[in-house]
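Reader: I am new to this structure and should like to understand the terms used to describe it. Please take me through the reasoning behind them.

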Amino acid sequence: MPISAPERSLLEVGGLEAGYGKIAVLHGVDLRIGAGEVVALLGPNGAGKTTLLRAISGLLPVTAGSVSFDGQDLSRASPREAARAGLVHVIEGHRVFTQISVADNLLLAGYDLPRGERAARIEEALSFFPEIAAKRHDRGGALSGGQQQMLAVAQGLVRRPRLLMLDEPSAGLSPVLVDRVLGVVSELRAKGTSVLLVEQLIEKTLAVSDRVYALAQGRIVLEAGAREDDLPHRLERAYFGEDVPTALHA
Ligand SMILES: Nc1ncnc2c1ncn2[C@@H]1O[C@H](COP(=O)(O)OP(=O)(O)OP(=O)(O)O)[C@@H](O)[C@H]1O
Ligand SMILES: [Mg+2]
């Protein structure tokens with residue numbers, strides 16, 4: 001079955017290599033995301049998913065290859081420049097500020113937005129999360145762990161991203177809250193925002209995604225439409241190196 005890849009890419013990553021000091025982690029990663037697409041990035045622990053997001057958003061230097069966003073070369077861009085271009089990364093295990101209010105956490109996330117726009121942006125971000133909107137004047141520390149995780153996502157939304165990259169936003173959440181967070185991903189998609197979603201929960205993640213990439217040992221080992229047959233099984237095989245297309249071995 002053909003993969004319904006987007007005609008026009010918002011994000012184009014080509015031949016990307018990155019790592020930590022002398023340790024190479026990513027080995028020639030190619031990935032693209034169309035405008036309004038939700039793309040899942042799955043893979044076992046240590047595969048390089050977080051490293052890939054960090055390299056895309058400029059938190060980690062790219063040692064080879066390219067990152068292009070809406071035609072703009074972001075290969076050497078700082079996280080701030082990437083965020084200004086509309087590419088926002090909510091990092092794995094992001095912690096909110098517990099001593100200041102929920103609203104001030106959101107204000108900080110939008111510190112460089114035009115003054116006249118900030119209040120509206122905060123309301124816009126809160127509109128996705130009624131349970132934390134009701135607590136906007138409470139300290140961040142007064143929120144439950146799950147609500148703090150939602151606040152971290154809301155901090156990304158304050159910037160009104162064109163592409164939001166979420167690194168395991170559902171980690172440690174109860175099943176009900178997992179569904180809430182993934183529901184927000186669907187709402188974003190309906191509004192035309194692209195999402196790159198790193199997750200461990202294969203079936204729930206596929207249910208809200210258009211396409212999926214699997215990463216194993218720093219290489220893309222599978223690319224598929226999220227509705228393709230037998231995908232959970234194929235993904236698991238890909239994780240363990242039994243479903244690698246020959247073209248991807250090079
Ligand atoms: N700061 C670091 N310094 C050195 N090596 C690192 C660092 N961070 C990650 N690594 C290594 O890079 C590889 C990829 O790690 P990464 O965190 O990107 O994987 P991941 O797919 O996000 O895993 P997980 O599912 O556990 O979040 C691993 O071998 C890891 O040990
Ligand atoms: Mg990770």
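Author: Let us begin with a definition: a salt bridge is a side-chain nitrogen of Lys or Arg within 4 Å of a carboxyl oxygen of Asp or Glu. Please note that the model is predicted.

Reader: How do you know that Glu-199 has no salt bridge?

Author: The nearest side chain of opposite charge, Lys-49, is 9.5 Å away from Glu-199. The definition requires a distance within 4 Å, so Glu-199 has no salt bridge although Glu-199 is buried. Glu-199 is found in the loop between E8 and helix H8 (202-207).

Reader: Why is the link between Glu-199 and Ser-170 called a polar contact?

Author: The side chains of Glu-199 and Ser-170 are joined at 2.8 Å. A polar contact needs a pair of N or O atoms within 3.5 Å, and therefore the term applies to this pair, at 2.8 Å. Leaving out residues up to four places away in sequence, Glu-199 also touches others, including Leu-41, Leu-42 and Thr-205.

Reader: What makes the side chain of Thr-51 a polar partner of ligand 1?

Author: An N or O atom in the Thr-51 side chain is 2.5 Å from an oxygen atom of ligand 1. This pair falls within 3.5 Å, so it counts as a polar contact. For Asn-45, a side-chain N or O atom is 3.0 Å from a ligand 1 oxygen, and for Gly-48 a backbone N or O atom lies 3.0 Å from an oxygen of ligand 1.

Terms used
Residues are numbered from 1 along each chain as its sequence is written. Chains are lettered from A and ligands numbered from 1 in the order in which they are written. This is a predicted model: local features need pLDDT of at least 70, side-chain atom pairs count only at pLDDT 80 or more; totals for chains, interfaces and linings use all residues. Side-chain values use heavy atoms; hydrogens and water are left out. Helices (H or I, at least four residues) and strands (E, at least two) are DSSP runs, numbered from the N terminus. Buried means under 20% relative accessible area, exposed over 50%, partly exposed in between (1.4 Å probe, protein chains only). Lys and Arg count as positive and Asp and Glu as negative; His and the chain ends are not counted. A polar contact is a pair of N or O atoms within 3.5 Å; within protein, one must be able to donate a hydrogen and the other to accept it, and residues adjacent in sequence count only if both atoms are side-chain atoms. Contact means heavy atoms within 4.5 Å.
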